[in-house]
Amino acid sequence: MASITFTHVNKTYPGNVETIPDLNLEIKDKEFVILVGPSGCGKSTTLRMIAGLEEITRGELRIGDRVVNDVPPKDRDIAMVFQNYALYPHMTVYKNIAFGLQLRKMSKEEIDKKVHEAARILDLEHLLDRKPKALSGGQRQRVALGRAMVRDPAVFLLDEPLSNLDAKLRTSMRTEISKLHRKLNTTFVYVTHDQTEAMTMGDRICVMKDGIIQQFDTPQMLYDFPCNLFVAGFIGSPQMNFIHATIAKSDNGLTANFDKFALPLGEEKSKALADYIGKEVIIGIRPEDFVEAGMQPKEETITAKVELAELMGAETNLYMDCAGSKLIVRMPASVRPEEQQPYTVAVKVNKIHVFDKDTEQAICH
């Protein structure tokens, strides 16, 4: 049983620098959880507290049924994979993977069996006699994973393990780590600031800001139902567009009005926004929730000036200015409007998110 439970955990550094005010978090046994957020949000500190590399100021941390506040790292049944791999440069791949097992005084036969099994899973068998300097970044990262694997830990902790790799290698290693989790059937806690990694790998994602959990949910729920402006802006690439609008009453329900546009909000959103008539809110529209104008019989459109049309291969990102609001609109690659000219796009109004301007909390989706 390798669930992880934080109960009212606080981390304060000398000088009264509080990085984690009051953390309550439960990670289930065998779950793959991603801690994500901007630099300084407390995600690495949280991971290091699980590892025992950071002391807890107040509160309780359990791994399984055991309180581990005062348990040294070596007795926590965890394995950690670092951003910089932390391999021994003078040792071969085989010896790097075997090192922890040798410290445990395991038999040579058992060590050999475990090292070769890990090497087979990670496609390292042909590299066992090489030293780290003769390996690529991706190969070094796989060696670091192998070294953690052979220990059969109850919990894997991964601290931005892919940030030193190039974009193509990061994509393939994401797949490898996800497959490894399914194969090992163990609890994984993974720290990253890259929301693409978070969306593609985790069973659940914990979005953090200033040491506080903003939302802890599945990738799809975070994407479809962000609880506040911060989560909405952090999850999704390119990020969600935000427009200041006023809620107004029309013959067919409520509309979100900005500049000369009035976007109808539909029956469900109109009910949720009944108390906001005449008030300013923030509406959120994802770049992919715009479509070419004139493609559907009944559609709501907005017109804005195209500042830049960025061809991405399979699609075009339009950077637009709509009465002072900056928009990013995703269109098919065939759409190439003239820059510095007005262009009309249709909005999927059923996909609009509405946030309270003062509290920044979501009102409806």
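In this predicted model, helix α1 is followed by Gly-52, a residue whose phi is positive, near 90°. The helix that leads up to this residue covers residues 43-51, and because seven of its nine residues are buried, α1 is largely enclosed by the rest of the structure. Those buried residues are Lys-43, Thr-45, Thr-46, Leu-47, Met-49, Ile-50 and Ala-51. Arg-48, for its part, is linked with Lys-11 and Glu-54 in a network of salt bridges.

**Nonpolar cores**

Leu-47 is also one of the contacts of Leu-158. Leaving aside residues up to four places away in sequence, Leu-158 touches Leu-47, Val-81, Leu-145, Ile-177, Phe-188, Val-189, Tyr-190 and Val-191. The largest nonpolar core has 45 residues, and those that touch the most other members are Ile-34, Ile-97, Leu-145, Leu-158, Ile-177, Tyr-190 and Val-207. Helix α4, residues 137-149, supplies the largest share of this core, with five residues. A second core, separate from the one just described, holds 32 residues, among them Leu-254, Leu-263, Ile-302 and Ile-352.

**Helix α3**

Helix α3 runs over residues 108-121, and its 14 residues reach 20 Å from the first C-alpha to the last, close to the 20 Å expected at 1.5 Å a residue. Within this helix, Ile-111, Lys-114, Val-115, Ala-118 and Ala-119 are buried. Seen down the axis of α3, these buried residues fall within an arc of 130°, and they therefore line one face of the helix. Their cover includes α2, residues 93-103, together with α4. On the other side of α3, by contrast, Glu-109 and Lys-113 are exposed. After the helix comes Asp-123, whose phi is positive, near 55°.

**Strand β20 and its partners**

In a regular strand the side chains alternate between the two faces of the sheet. In strand β20, residues 353-356, His-353 and Phe-355 point one way while Val-354 and Asp-356 point the other way, and all are buried. Strand β20 pairs with strand β14, residues 280-285, in the antiparallel sense over four bridges, and Asp-356 of β20 is the bridge partner of Val-281. With strand β21, residues 362-364, β20 also runs antiparallel, here joined by two bridges, and Phe-355 has Ala-362 of β21 as its bridge partner. The hairpin formed by β20 and β21 has five residues between the strands, and in it Glu-360 takes a positive phi near 65°.

**Salt bridges**

Side chains of opposite charge can pair when their charged atoms come close. The structure holds 14 salt bridges, including the three pairs in the table.

| Salt bridge | N to O distance |
|---|---|
| Asp-259 and Lys-260 | 3.7 Å |
| Arg-330 and Glu-288 | 3.9 Å |
| Lys-326 and Asp-321 | 2.8 Å |

For Arg-330 and Glu-288, the closest N and O atoms are 3.9 Å apart. Arg-330 lies in strand β18, residues 325-332, and Glu-288 in the loop between β14 and β15, so the pair ties together parts that are 42 residues apart in sequence. Arg-330 counts as partly exposed at 21% relative accessibility, and Glu-288 is partly exposed as well, with a relative accessible area of 23%.

The surroundings of the pair formed by Asp-259 and Lys-260 are described by other values: Asp-259 is exposed, with a relative accessible area of 54%, and Lys-260 is exposed, with a relative accessible area of 64%. Asp-259 has its place in the loop between β12, residues 253-258, and β13, residues 261-264. The C-alpha atom of Asp-259 is separated by 58 Å from that of Arg-76, a residue 183 places away along the chain.

In the bridge between Lys-326 and Asp-321, Asp-321 has a relative accessible area of 19% and is buried, because buried means under 20% relative accessible area.

Note on methods. Residues are numbered from 1 along each chain as its sequence is written. This is a predicted model: local features need pLDDT of at least 70, side-chain atom pairs count only at pLDDT 80 or more; totals for chains, interfaces and linings use all residues. Side-chain values use heavy atoms; hydrogens and water are left out. A nonpolar core is a set of buried Ala, Val, Leu, Ile, Met, Phe, Trp, Tyr and Cys residues joined through side-chain atoms within 4.5 Å. Buried means under 20% relative accessible area, exposed over 50%, partly exposed in between (1.4 Å probe, protein chains only). Contact means heavy atoms within 4.5 Å. Two strands pair if DSSP finds at least two bridges between them. The expected span of a helix is 1.5 Å times one less than its number of residues. The arc is that of the directions from the helix axis to the C-beta atoms. A salt bridge is a side-chain nitrogen of Lys or Arg within 4 Å of a carboxyl oxygen of Asp or Glu.
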